[in-house]
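Got your viewer ready? Let's take a walk through this one, stop by stop.

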4 protein chains.
Amino acid sequence: MTSEIRLTVWNEFRHERESDAVKAIYPDGMHRVVGNAINEQLGDAVSIRFATLDEPDHGITDALLASTDVMTWWGHGAHDEVRDDIVDKVHRRVLEGMGLIVMHSGHYSKIFKKLMGTGCGLKWREAAERELLWNVNPGHPITQGIGEHIDLPHVEMYGELFDIPEPDELIFISWFAGGEVFRSGCTFTRGRGRIFYFRPGHETFPIYHDTQIQRVLANAVQWAAPKSNSPYRLWGSNIKEPLVPIASTHEVDESLH
Amino acid sequence: MTSEIRLTVWNEFRHERESDAVKAIYPDGMHRVVGNAINEQLGDAVSIRFATLDEPDHGITDALLASTDVMTWWGHGAHDEVRDDIVDKVHRRVLEGMGLIVMHSGHYSKIFKKLMGTGCGLKWREAAERELLWNVNPGHPITQGIGEHIDLPHVEMYGELFDIPEPDELIFISWFAGGEVFRSGCTFTRGRGRIFYFRPGHETFPIYHDTQIQRVLANAVQWAAPKSNSPYRLWGSNIKEPLVPIASTHEVDESLH
Amino acid sequence: MTSEIRLTVWNEFRHERESDAVKAIYPDGMHRVVGNAINEQLGDAVSIRFATLDEPDHGITDALLASTDVMTWWGHGAHDEVRDDIVDKVHRRVLEGMGLIVMHSGHYSKIFKKLMGTGCGLKWREAAERELLWNVNPGHPITQGIGEHIDLPHVEMYGELFDIPEPDELIFISWFAGGEVFRSGCTFTRGRGRIFYFRPGHETFPIYHDTQIQRVLANAVQWAAPKSNSPYRLWGSNIKEPLVPIASTHEVDESLH
Amino acid sequence: MTSEIRLTVWNEFRHERESDAVKAIYPDGMHRVVGNAINEQLGDAVSIRFATLDEPDHGITDALLASTDVMTWWGHGAHDEVRDDIVDKVHRRVLEGMGLIVMHSGHYSKIFKKLMGTGCGLKWREAAERELLWNVNPGHPITQGIGEHIDLPHVEMYGELFDIPEPDELIFISWFAGGEVFRSGCTFTRGRGRIFYFRPGHETFPIYHDTQIQRVLANAVQWAAPKSNSPYRLWGSNIKEPLVPIASTHEVDESLH
């Protein structure tokens with residue numbers, strides 16, 4: 001356990017460079033706003049680095065990964081451009097214990113689908129409608145400091161059916177003006193790693209400037225940080241020597257193995 | 001829902017052809033013993049087909065898959081030879097609702113790892129030791145007719161840590177003479193599909209000739225059969241028209257989408 | 001397992017006798033509408049009896065309980081009048097394997113709180129508002145034949161936070177016109193028994209006349225019916241003889257036990 | 001959130017006064033050993049008080065409860081002597097957010113049964129046999145610093161079936177020399193409160209002198225401490241004013257409510 005959480009904020013960082021509307025909200029990229037907000041909330045308890053799609057290896061070097069405790073992931077239009085070998089490395093690090101916070105349209109990212117084992121589809125609608133984000137787990141560390149709901153005036157709608165495995169814990173359920181609901185905050189565990197999917201966030205709505213959303217993200221970073229330093233082995237092992245002596249008269253045919 | 005369950009028993013079917021010791025136990029292949037046993041238990045409630053690795057497309061044609069309600073999977077030494085495109089098709093069918101029963105060394109199959117999102121490793125030892133398989137979910141349909149434990153005199157040991165996500169339900173826990181324990185019966189849901197991992201079974205021990213093991217497999221086939229005929233969409237959809245009229249004054253920039 | 005499910009429909013049956021408005025909707029009591037609807041859906045697969053609060057022992061005799069596979073429970077204003085000894089008997093039967101379907105205001109019943117271990121509180125509002133009941137588990141037997149949502153024009157609202165343990169499976173999430181959401185269909189297992197909480201239903205709205213709601217109830221009865229005939233022991237037992245011989249040199253002080 | 005965890009160690013404290021064998025192991029009571037061990041592990045991060053059955057109100061005053069973040073509970077022969085009104089108060093505090101660690105024979109305590117909703121029975125045998133306690137959740141904060149198993153040479157056996165609801169997380173599975181297995185470390189959430197059941201510990205075996213067991217207990221205290229300061233309401237509330245204006249033409253009959 002390190003006392004300081006080493007956070008890497010990953011961003012596709014395309015919309016912000018290609019669209020004036022998005023640039024107006026996130027001039028230096030969404031990752032900067034997210035990172036700065038978490039930094040403001042957690043102060044010295046966190047150190048933050050950034051990585052983006054168009055850097056070499058998407059900015060995800062082996063050294064960076066090995067020294068990352070928690071990674072946040074935002075992607076949208078270019079999920080397919082993320083290299084499979086990089087996805088495999090991130091996947092491996094999650095199993096080893098790295099926390100992963102998957103944001104908004106990241107539900108369709110390769111890394112999230114690989115961890116879930118399902119299609120991760122959902123419904124959506126862009127009509128700038130109201131969202132009420134209900135806190136259904138007020139005793140959970142991720143909702144510390146959050147009231148019974150968060151009110152967001154203009155958002156993109158995400159609706160059920162959200163094609164994920166049953167979450168370990170359901171944290172938020174969203175209500176949308178147009179009639180849909182959504183499991184907007186879900187926790188999962190895979191290997192040693194803790195995963196939090198968090199719905200809010202969009203390139204054309206200033207969601208990540210909302211202080212309550214920032215608070216949830218900061219809480220989630222703390223929750224997802226590794227809680228144990230036990231080593232992880234991707235592969236199992238052949239245990240020749242039992243802990244307890246075995247009295248067996250049965251022949252084992254070693255030639256088969 | 002079909003009234004008859006259409007079962008496909010898939011088997012790697014290599015050990016039985018290559019090893020005299022295995023051939024002595026399963027002369028026509030393990031799949032025949034498994035299939036016949038399930039047939040004996042379920043009678044007209046099930047129709048059974050077989051498929052094996054070395055057939056074209058591993059025997060898993062589109063027509064077979066589309067008409068399969070439940071598939072059992074046994075593989076061991078040749079997991080890597082299963083083609084990725086076939087794995088993707090089986091994965092898609094599970095998400096659509098096909099039940100999948102993963103047996104013994106199938107824990108390392110591509111299809112199981114893809115559904116779990118974890119490494120699926122474990123410990124093992126071949127010392128022909130005793131296994132006591134404890135029924136920890138006696139109200140579950142999979143344990144119907146099974147007492148508080150099953151006693152297997154000579155088995156290969158599988159030990160924790162079993163690197164899987166927390167199962168939906170834990171059905172069996174194994175005790176081994178050499179000191180290990182194992183979560184030997186676990187249920188999972190992915191998409192519409194129900195998955196049961198069942199540990200017992202090995203190429204050189206006659207596990208699948210045990211009537212209690214056969215009973216569990218037959219129960220599992222019934223449990224895993226699709227329970228709903230709702231269609232599955234791998235991809236989400238853009239819902240232009242809300243169910244409830246939305247009054248929003250916010251501009252949506254259509255050029256971004 | 002009996003091939004026919006023996007269902008008991010329990011109802012507080014006060015509002016229907018005391019209020020003309022309720023009587024107009026349920027002249028013979030809500031239980032009759034619920035029972036007849038399930039009967040219509042399941043036909044010979046179910047046999048139905050009724051029991052109500054003001055009968056001796058609330059109609060719940062030992063003989064009735066012992067021969068009941070599934071019980072539905074509707075109560076509202078008179079939860080406190082249900083005798084504790086009767087609640088204990090119903091609780092015991094659930095642990096033994098009887099299915100229990102708790103409807104609407106039954107969330108505050110003694111039997112539901114005793115099974116959950118929590119307060120079971122929620123928010124409510126009576127404003128005859130619209131409810132959209134989203135099916136978030138379309139592969140589940142309880143949603144067989146149900147589309148992606150059920151639309152109810154005028155209902156009493158139930159809102160989060162619903163103070164229950166995390167359900168085994170979340171089946172429905174409700175959207176309400178006034179801005180709330182609710183986990184409206186939840187499954188739980190306690191002992192051998194399967195429990196389904198289902199929100200819809202109210203004394204002044206004709207919810208139980210809705211054919212989709214009736215379908216869910218009929219599905220739930222089939223789902224909750226006992227799936228195993230293994231006996232249940234409320235108390236554990238002292239196992240003097242181990243399955244495996246123990247070689248221990250440690251003294252056990254029998255005088256302490 | 002308090003920075004210091006206020007722990008109350010509760011003990012039945014009868015065996016230690018009545019039996020010389022027990023007194024030899026725990027001369028000042030088991031609670032002193034448990035409390036001192038946790039104190040040694042957590043230092044200033046915890047402040048510890050004690051309470052025992054034969055004190056007035058079992059030592060559990062309203063002031064103590066209100067200022068307790070985590071309580072550990074050990075009882076055995078005198079569960080029935082714990083007053084129901086005190087149990088109700090402890091139950092309420094758990095729902096409000098107090099962590100509860102239930103130890104060994106505490107599985108049959110009134111408070112644990114009330115929180116679980118099941119019978120909580122199990123099998124047992126006193127034969128001073130060996131226990132191997134397998135860590136099946138090495139990424140969990142409760143197993144921080146614990147290896148793949150803990151080896152206890154002489155223990156009382158607890159065997160499945162353990163009659164509890166499916167735990168949120170399974171942390172430890174025990175192997176016993178005589179052939180049984182047991183879910184020995186289980187987490188649950190009820191209301192805002194986190195509950196950890198931990199099997200090891202007995203009045204005639206010096207289990208709580210084992211440093212690894214002490215480590216687990218100290219970890220569990222930290223894990224169970226409240227993670228959110230959101231208020232808890234045992235009862236729900238009538239929400240007259242919707243968040244979103246409702247246009248309903250349906251009459252609500254206020255006379256019914």
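Leaving aside its neighbours within four places in sequence, which residues is D:E131 in contact with? Before you click, two ground rules. This is a predicted model, where local features need pLDDT of at least 70, side-chain atom pairs count only at pLDDT 80 or more, and totals for chains, interfaces and linings use all residues. Residues are numbered from 1 along each chain as its sequence is written, chains are lettered from A and ligands numbered from 1 in the order in which they are written, and side-chain values use heavy atoms, with hydrogens and water left out.

**Stop 1: D:E131**

Select D:E131 and show what is around it. Here is the answer: D:E131 is in contact with D:I150, D:D151, D:L152, D:V155, D:S174, D:W175, D:F176, D:S184 and D:R199, with neighbours within four places in sequence left aside. Contact here means heavy atoms within 4.5 Å.

Colour strand β5 of chain D, residues 123-135, and you'll see D:E131 sitting in it. Strands here are DSSP runs (E, at least two residues), while helices are runs of H or I with at least four residues, and both are numbered from the N terminus.

Is D:E131 buried or exposed? It counts as buried, because its relative accessibility is 0%. The cut-offs are under 20% relative accessible area for buried and over 50% for exposed, with partly exposed in between (1.4 Å probe, protein chains only).

Now show the side chains of two of its contacts. D:E131 has a polar contact of 2.5 Å with the side chain of D:S174, and another of 2.7 Å with the side chain of D:R199. A polar contact is a pair of N or O atoms within 3.5 Å; within protein, one must be able to donate a hydrogen and the other to accept it, and residues adjacent in sequence count only if both atoms are side-chain atoms.

Try a distance label too: from D:E131 to D:M157 is 7.7 Å, C-alpha to C-alpha, although the two are 26 residues apart in sequence.

**Stop 2: where chain B meets chain A**

Hide chain D and show chains A and B. This contact takes 61 residues from chain B and 60 from chain A. Together the two chains bury about 4,400 Å², with 58% of that on carbon and sulfur atoms. Buried area is the accessible area (1.4 Å probe) that two parts lose on being put together, summed over both.

How many salt bridges are there between chain B and chain A? The rule finds 0, a salt bridge being a side-chain nitrogen of Lys or Arg within 4 Å of a carboxyl oxygen of Asp or Glu. Polar contacts do turn up, in 18 residue pairs (both at pLDDT 80 or more). Next, highlight β5(B), which gives the largest share of the side of chain B that touches chain A, 7 residues.

Chain B can be laid on chain A by a turn of 180° and a shift of 0.0 Å along the axis, with an RMSD of 0.0 Å. Copies are superposed by least squares on the C-alpha atoms of residues with pLDDT of at least 70 in both. To find the rotation axis, click B:G117, the residue of chain B that comes closest to it, at 2.8 Å (C-alpha).

**Stop 3: B:N219**

Stay on chain B and select B:N219, in helix α7 (residues 211-224). B:N219 is buried, with a relative accessible area of 5%. Not counting residues up to four places away in sequence, B:N219 touches B:P141, B:I142, B:T143 and B:Q144.

**Stop 4: where chain C meets chain A**

Swap chain B for chain C. Here 23 residues of chain C are in contact with 23 residues of chain A. The area buried between them is about 1,800 Å², and carbon and sulfur atoms give 66% of it.

There are 2 salt bridges between chain C and chain A. Zoom in on the one where the side chains of C:K123 and A:E148 meet, at 3.2 Å from N to O. Then colour β7(C), which gives the largest share of the side of chain C that touches chain A, 6 residues.

Last, lay chain C on chain A: that takes a turn of 180° and a shift of 0.0 Å along the axis, and the RMSD is 0.0 Å. That is the relation of a two-fold axis. Finish on C:W175, which of the residues of chain C comes closest to the rotation axis, at 3.3 Å (C-alpha).
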